[in-house]
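Let's work through a few exercises together. Each task comes with a solution in short steps, so feel free to try it yourself before reading on.

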Amino acid sequence: MKIFAKSYSQKWTNVQISNPDHSEGGSEGRVYFSDDGLSCVKILKKSARDKRKIDKLKLMLDPKFDKLRNLSVNGSTVCWPISTAHEAKDDNPIGYIMPLIKESVPLDSIFAKSNATAKLAELDDRIFIAGLLSLLVFRLHTAGAIVGDFNPANIRLQKPTKKSAWNVHIIDTDSFQLTDRRRTLTSDIGRDLYSSPRLLEQQKSSKSANYGWAGLKRKKEDDEYALAILIFQILLLIHPMKIKGKSISKNMGNKVFAYTGTKSKLPTNAPLSKFEALPQIIQKMFSDTFENVTTYRARDWVHAINDLEKEPVITKLRKEFQEFSSPWSDPNKTTSKNEPKVTIETSPDYNPTTTPFSKTISQPTPVKDSLISTIGKFIYKSLGVLLIIYIIYFILSAIF
C-alpha cells in the first residue's frame, strides 16, 4: 500500500506500507506502520473525515505550532503530525503521518486485568511514570493545548534501556483541543470513564455528532480530572470510582469516592490499605478531585509525586505494597533503597512541607513585570502625582 505524504511546504513524499495487516485500530481510524520503521500512518474512517477534522490536520502542520510539535520532556514527547496522508496527489487528506514510538505499549498495559503484560512496572517505576505524565501534561497546558480525549489508549510507554529511563508519549494528537486566534479547534471525541462530571453532563445533553462529543469545548480542569484518574490507576492499578454493584460512569456523575467515604462499598480487591499508605496530601488531592470536583493543576501533581520518591515515604510504600519484581524494571535504578531512582524537575517556587497545604501549592508562579509594563506603571503613577499637584495649585489659586 502506497500513501502520499504532503508537508506544510507542499512537498510530496511516498510512504510505503508492505504489511497492512500489521495495524492498530481506534474509534476514528487505524494506524499502519511504514516500511522505514520511522513513522506510522493514521488513516481516518470516512465518517471521521469531515471538513472540520481535515482543516484541523492541515493547520497542525503550521509552524505556529512548533512549540507543541517539538515538545520533549526527558525524551517523552507528543506525537504531532508530520504531514497529511493522501491516496493520491490531491488536496483530500485521508489521515496523517506521525513519528513511530518504537517498542512501546499502551499505558493500560500496567493495570488492565485482561492484558498479559499487566505486571510490566513495579511501584518505583509507576511512581516515575505518573510524575513524568504529569510533567508532560503541565508542559502541554503551558504551550496552550488541551489533551481532550485523555485516556490510557492514547498514552504509550517505552520501557527503560541502559541509556534511558521510562518514556511516556501522548499519541492521537489530532484529538487535542487547540486555539487558533479566536477559533477553538475541539477534540470531538471522548471516553466516559475519563471525563469530568461537567463534561459527562454536557455530552449527554448534547445532540451533536460522535455521541455528543463533537464541538464540546474542554477546559484544563477536564484534563486535570482525567489526569487524577490515570495517576490513581497507575499507582493502585484500579479505577478510583469502582465500587460494588454500580457502574463507574454513574459513580463519577454522582461523585462517589468510597476510599474516603463509605468504605463498605469498595470491591473486595480494592487496595484500601495501599491508598491509606499514601501521604495525606495525595489522599486529599484524590478526594478533593473525585468528591468535590476540585481539580489540581498538573504541576501540583508533579510536586506531590516527586515527594513520593523521597525518604521515609518510599520505604513505607514499598513495605505496604510488597510488589513483584518487574521484567521491565529500570536497569538504571540505584541499588540503594534509600535514594529515589529519578528526580523529576520542579518549579522554583515549590517548597515541600510536611504539613499538607500549609502552603498552597496550587498558587501560580509569580510573573515578573516586563520592561514595558514597568514603564507603563511608572507613567501612570507619575500622572497621578501631577494631577494631585495640579488640583492643589488650582485650590490655592482660587483662595489667594
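The protein chain averages a pLDDT (the predictor's confidence in each residue, from 0 to 100) of 82, and 82% of the residues score at least 70. This is a predicted model, in which local features need pLDDT of at least 70, side-chain atom pairs count only at pLDDT 80 or more, and totals for chains, interfaces and linings use all residues. Residues are numbered from 1 along each chain as its sequence is written, and side-chain values use heavy atoms, with hydrogens and water left out.

**Exercise 1.** Find where pLDDT stays under 50 over residues 334–370 and state how many contacts the model has there beyond four places in sequence.

*Solution.* Step one: a contact means heavy atoms within 4.5 Å. Step two: for residues 334–370 the model has 64 contacts beyond four places in sequence. Step three: where pLDDT is low, the predicted coordinates should not be read in detail.

**Exercise 2.** Compare the span of helix 3 with its expected value, then decide whether helix 3 is enclosed or not.

*Solution.* Step one: helices are DSSP runs (H or I, at least four residues) and strands likewise (E, at least two), numbered from the N terminus. Step two: the expected span is 1.5 Å times one less than the number of residues. Step three: helix 3 covers residues 123–142, 20 residues in total, and its first and last C-alpha lie 29 Å apart, close to the expected 28 Å. Step four: buried means under 20% relative accessible area (1.4 Å probe, protein chains only). Since 17 of its 20 residues are buried, helix 3 is largely enclosed by the rest of the structure. Step five: just after helix 3, glycine 144 takes a positive phi of about 100 degrees.

**Exercise 3.** Describe the surroundings of valine 78.

*Solution.* Step one: valine 78 sits in the loop between strand 7 (76–77) and strand 8 (83–86). Step two: with a relative accessible area of 4%, valine 78 is buried. Step three: leaving aside residues up to four places away in sequence, valine 78 touches Leu68, Leu71, Leu140, Ile170, Thr173 and Phe176. Step four: the C-alpha atoms of valine 78 and isoleucine 171 are separated by 6.1 Å, although their positions lie 93 residues apart along the chain. To be exact, valine 78 and isoleucine 171 are 93 residues apart along the chain.

Key: Buried means under 20% relative accessible area, exposed over 50%, partly exposed in between (1.4 Å probe, protein chains only).
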